[in-house]
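User: I'm new to this one and would like to know where the labels come from. Can you take me through it?

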Amino acid sequence: MSGLSLGLIALAITLTLLALRVHIGITMLIGGAACFWAVNDGDLSSLLFTLNNLAYSRLSNYDLAVIPLFVLMGQFATHGGLSRAIFRCAAAFIGHWKGGLGMSAIGACAGFGAICGSSLATAATMSHVALPELRRYNYSGRLATATVAAGGTLGILIPPSVPLIIYAVLTQESIAKLFVAAVIPGILAVLGYMVVLRIMVAREGGHDHEQQKASTAERIKAFVNVLPVIGVFMVVIVGIYGGWSNPTEAASIGAAACGILAVIQGGMRWDGIRTSLLGTAETTAMIFLVLLGADLLNSGLALTQMPNELAEWVKNSGLAPMLVLFAILILYLLLGCVMDSLAMILLTIPIFYPVIMGLDFFGLDPSEKSIWFGILALMVVEIGLVTPPLGMNLFIVQRAAGNVPLAETAKGVIPFIASDILRIIVLALFPAISLCLLSL
């Protein structure tokens with residue numbers, strides 16, 4: 001049996017186990033072990049040796065220390081109530097616009113994502129902060145929940161982003177460069193969502209009376225209250241971009257600063273600190289288990305030579321590079337309906353990355369191509385958070401809303417998904433949009 005056939009069988013086993021709801025980390029461990037078992041004719045010594053070395057080499061990687069630190073920063077921000085100050089500041093400045101309160105929720109999601117890095121945490125936190133206000137100002141259940149669900153996806157697009165860190169680890173790319181490249185796409189996402197919301201509010205009607213325009217004094221007070229959060233973002237992101245600190249150092253400073261703010265400004269006490277630490281430990285353990293599984297699966301697939309054979313086949317097929325790229329992006333959209341974002345990144349990047357790197361796109365060099373594809377993959381994965389039947393943001397927001405059916409929220413996010421797809425097409429056709437800041 002050829003290596004390509006063995007690799008495809010291992011992938012089929014992996015996808016079958018995922019369909020049976022087996023944990024993604026265990027699934028990939030089994031898929032990788034199956035590759036080693038088949039290639040070595042049932043001899044498990046190579047598998048055990050590889051697993052031993054992989055566990056040490058991966059989990060002793062200094063770059064991975066940034067993950068628990070950014071997760072802890074997000075936990076402190078979530079349990080410390082910092083999201084409320086961000087939402088109130090946004091509402092003070094644009095809440096009186098037509099659809100302004102919904103735009104404030106989207107802006108607050110982006111702001112919270114800048115210190116959180118998790119879409120699920122962003123959606124969960126902003127559901128409790130923004131939904132009551134949106135409903136109080138006559139937003140329908142569909143529009144209110146869809147706004148928060150779509151805005152929550154900004155948590156992984158606005159740097160810092162845990163999936164981008166995972167992509168950087170898998171591809172040996174620079175975390176700082178990926179964060180820089182995500183800035184403009186993140187801004188475009190926020191603006192696109194606000195435009196969509198404005199159109200939806202105009203079509204739905206019933207929003208002639210948004211909240212009253214805030215006075216200058218109220219705006220200044222709201223801005224002062226959010227200054228510490230802006231300070232955390234500036235220390236972390238500008239520190240990384242400016243070269244004053246590496247991502248791990250910046251994340252440790254941000255986590256400490258968020259913890260102090262959560263205690264002083266958010267009123268977090270020992271219970272909140274304990275919950276944040278336990279949540280960080282659980283999330284980090286889950287991510288590391290999935291990473292270990294992905295490493296074993298990648299090693300098994302490399303042993304079968306499937307990724308290289310697939311990349312070579314695509315290269316020699318005569319297919320246009322953009323056709324291959326859009327086929328991959330469409331496949332991501334389909335996978336997003338049945339898989340979570342982390343699983344998609346870890347399962348597909350080892351297969352798709354060699355294919356993309358073997359093709360020529362607009363004369364980009366390997367580093368530019370790697371960063372550009374990372375941003376595109378992140379944006380497509382982001383859509384999976386709001387596509388049924390397994391869009392996690394939909395479940396989180398619907399649970400917080402209580403009386404809004406899940407189907408209504410799913411219908412409400414369709415215009416936001418259309419905005420996402422348009423943005424992806426534009427960034428795919430014009431890589432300079434995401435790469436221009438790198439040249440500065």
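Analyst: Sure. Keep in mind that this is a predicted model. Let's start with a helix pair: α4 (residues 66-79) packs against α15 (residues 270-304) at about 145 degrees, and their axes are 9 Å apart.

User: What is the handedness of the crossing of α4 and α15?

Analyst: The crossing of α4 and α15 is right-handed. On the α4 side, the contact is made by I67, P68, V71, L72, Q75, F76 and H79. The α15 side brings G272, T275, S276, L277, G279, T280, T283, T284, I287, F288 and L291.

User: How do the residues in the contact of α4 with α15 divide by class?

Analyst: There are 9 nonpolar and 9 polar residues, with no charged ones. Gly counts as polar here, so G272 and G279 of α15 go with the polar group.

User: What makes α8 oblique to α20?

Analyst: Helix α8 (residues 141-152) and helix α20 (residues 392-401) have axes that come within 9 Å and cross at roughly 140 degrees. An angle has to be over 145 to count as roughly antiparallel, and the roughly perpendicular range is 65 to 115. Roughly 140 degrees fits neither, so α8 is oblique to α20.

User: Which residues meet there, and what is the handedness of the crossing of α8 and α20?

Analyst: T145, V148, A149 and G152 of α8 meet N393, L394, V397 and A401 of α20. By class, that contact has 5 nonpolar and 3 polar residues, and no charged ones. The crossing of α8 and α20 is right-handed.

User: Why does R423 count as buried?

Analyst: The cut-off for buried is under 20% relative accessible area. R423 has 7% relative accessibility, so R423 counts as buried. It lies in helix α22 (residues 414-429). Leaving out residues up to four places away in sequence, R423 touches L157, P185, L188, A189, Y193, M379 and E382.

User: Which residues touch the most other members of the largest nonpolar core?

Analyst: They are I67, I166, L325, Y332 and F373, in a core of 145 residues. Helix α18 (residues 341-357) gives the most to this core, with 12 residues.

User: What does I166 touch?

Analyst: Not counting residues up to four places away in sequence, I166 touches I67, I287, L291, L342, I345 and L346. Apart from that core lies another one of 6 residues, including L29, F36, L47 and L296.

Terms used: Residues numbered from 1 in each chain as written. Predicted model: local features only at pLDDT ≥ 70, side-chain atom pairs only at ≥ 80, totals over all residues. Heavy atoms only, no water. Axes fitted to C-alpha atoms, helices over the stretch in contact; angles between N-to-C directions. Helix = DSSP H or I, 4+ residues; strand = E, 2+ residues; numbered from the N terminus. Parallel < 35°, antiparallel > 145°, perpendicular 65-115°, else oblique. Left-handed = near helix turned anticlockwise from the far one by under 90°. Contact = heavy atoms within 4.5 Å. Core = buried A, V, L, I, M, F, W, Y, C linked by side-chain atoms within 4.5 Å. Buried < 20%, exposed > 50% of the residue type's maximum accessible area, 1.4 Å probe, protein only.
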